[in-house]
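Trainee: I'm new to this one, so could you walk me through it with a few questions and answers?
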Amino acid sequence: MSIPLYIINMQGCEERWYTTQTRLNNIGMEAERFNATVGKQLSETELQTWYCPSNNKKHYHRDLTLGEIGCYVSHMRIWQKMVDENISVCVVLEDDLFIQPHLNNVITAALELQHWDLIKLSDNRDFPFIDTATLQDGLTLGNYKKTPNGTQGYIISLEGAKKLLTRKPFYRPVDVDIQFHGEVGLQVVGIKPYPLAEDRNFESEIVNANTGTHSNRSTFLRNLKYRIRIYLQRREKTADLKKITADKSH
């Protein structure tokens with residue numbers, strides 16, 4: 001089964017697209033460029049459609065930047081494309097990645113699993129798995145209590161896309177919303193060794209295009225409420241591995 005791969009790339013940053021595309025081509029894989037949304041180019045009406053400032057103040061510890069909003073919109077547009085075109089599974093990549101040759105093996109292994117929504121393909125902090133299952137080609141499937149940060153690369157199912165689209169209008173960064181998996185019943189797992197790693201040789205073009213990095217300024221109460229929510233979420237496992245690997249036990 002061949003599934004689409006999308007590389008999110010901002011207009012004017014074609015070098016990053018060509019570099020990532022070449023790295024994929026070198027391991028025999030192809031991808032489609034997906035034009036990123038630039039947050040500062042969104043109109044006020046568009047911003048109100050995608051982002052909810054009032055919920056942000058109630059449920060997150062700081063305001064989102066235009067860059068974070070644009071990043072989330074880019075991912076959400078891919079999820080909507082999946083729904084509109086009835087795409088059962090796809091791979092979503094950002095454009096600043098080192099790519100290992102076993103990416104194709106990871107995708108093949110993922111397609112033999114069931115009842116998962118999102119599979120993480122990278123983790124800069126290398127959070128440990130809680131439960132594990134052995135897959136083909138020396139790969140290991142696992143769930144988490146601390147969902148890895150970032151959206152550098154993941155495999156997503158149509159059902160997962162539908163669940164994440166219920167977050168519109170959103171009020172947290174996209175990777176933080178994935179960490180709050182329990183709110184929408186999102187089944188999140190990872191496959192190690194991860195086939196992707198962030199290429200830090202590239203500057204963050206999204207940040208540069210949206211006038212700087214975010215501020216960590218917050219009120220004590222706002223920060224405390226968020227910390228309590230994330231603590232409670234991390235008491236739950238991100239997925240039930242027995243259901244995901246059920247067919248493989250026979």
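**A first tour**

Mentor: Let's start with a pair: the side chains of Asp117 and Lys163 meet in a salt bridge, 2.7 Å from N to O, where a salt bridge is a side-chain nitrogen of Lys or Arg within 4 Å of a carboxyl oxygen of Asp or Glu. The pair links distant parts of the chain, with Asp117 in the loop between helix 5 (103-110) and strand 5 (118-120) and Lys163 in helix 6 (residues 158-165), 46 residues apart. Before you ask, this is a predicted model, where local features need pLDDT of at least 70, side-chain atom pairs count only at pLDDT 80 or more, and totals for chains, interfaces and linings use all residues. Residues are numbered from 1 along each chain as its sequence is written, and side-chain values use heavy atoms, with hydrogens and water left out.

Trainee: Is Asp117 buried or exposed?
Mentor: Buried means under 20% relative accessible area, exposed means over 50%, and partly exposed is in between (1.4 Å probe, protein chains only). Asp117 has a relative accessible area of 3%, so Asp117 is buried. Its partner Lys163, at 18%, also counts as buried.

Trainee: Which residues do salt bridges that share partners join into one network?
Mentor: Side chains of opposite charge can pair when their charged atoms come close. By the salt-bridge rule the count comes to 15. Where such bridges share partners, they join into one network Arg167, Arg172, Asp177 and Glu183.

Trainee: How many residues apart in sequence are the parts that Arg222 and Asp63 tie together?
Mentor: Arg222 forms a salt bridge with Asp63, and the closest N and O atoms are 2.9 Å apart. Arg222 lies in helix 9 and Asp63 in the loop between helix 3 (53-59) and helix 4, so the pair ties together parts whose separation in sequence is 159 residues.

Trainee: What about helix 4: what span should its 20 residues have?
Mentor: Helices (H or I, at least four residues) and strands (E, at least two) are DSSP runs, numbered from the N terminus. The expected span is 1.5 Å times one less than the number of residues. Helix 4 covers residues 66-85, and its end C-alpha atoms are 28 Å apart, which agrees with the expected span of 28 Å.

Trainee: How many of the 20 residues of helix 4 are buried?
Mentor: Take Tyr72, which lies in helix 4 and counts as buried at 0% relative accessibility. Helix 4 is largely enclosed by the rest of the structure, because the number of its 20 residues that are buried is 14.

Trainee: Which residue in helix 4 meets Lys81 in a salt bridge?
Mentor: Lys81 counts as buried at 19% relative accessibility, whereas its partner counts as partly exposed at 47%. The two both lie in helix 4, four residues apart, about one turn of the helix. At 2.9 Å from N to O, the side chain that meets Lys81 belongs to Glu85.

Trainee: Just after helix 4, which residue takes a positive phi?
Mentor: Look in the loop between helix 4 and strand 3. The residue there is not a glycine, although its phi is about 55 degrees. With a relative accessible area of 59%, it counts as exposed, and it is Asn86.

Trainee: Which residue of strand 2 stands opposite Ile7?
Mentor: Two strands pair if DSSP finds at least two bridges between them. Strand 1 (residues 5-9) has five of its five residues buried, and it pairs with strand 2 (residues 32-35) in the parallel sense over four bridges. Opposite Ile7 stands Arg33.

Trainee: Which hand does the crossover from strand 1 to strand 2 have?
Mentor: A crossover is right-handed if, with the strands pointing away from the viewer, the path from the first strand over the helix to the second runs clockwise. Here the chain crosses from strand 1 through helix 1 (residues 14-25) to strand 2, and this β-α-β crossover is right-handed.

Trainee: One more: which residue comes before Pro193 in a cis peptide bond?
Mentor: Pro193 is found in the loop between strand 9 (188-192) and strand 10 (196-198). The cis bond leading to Pro193 has omega near -5 degrees, and the residue before Pro193 is Lys192.
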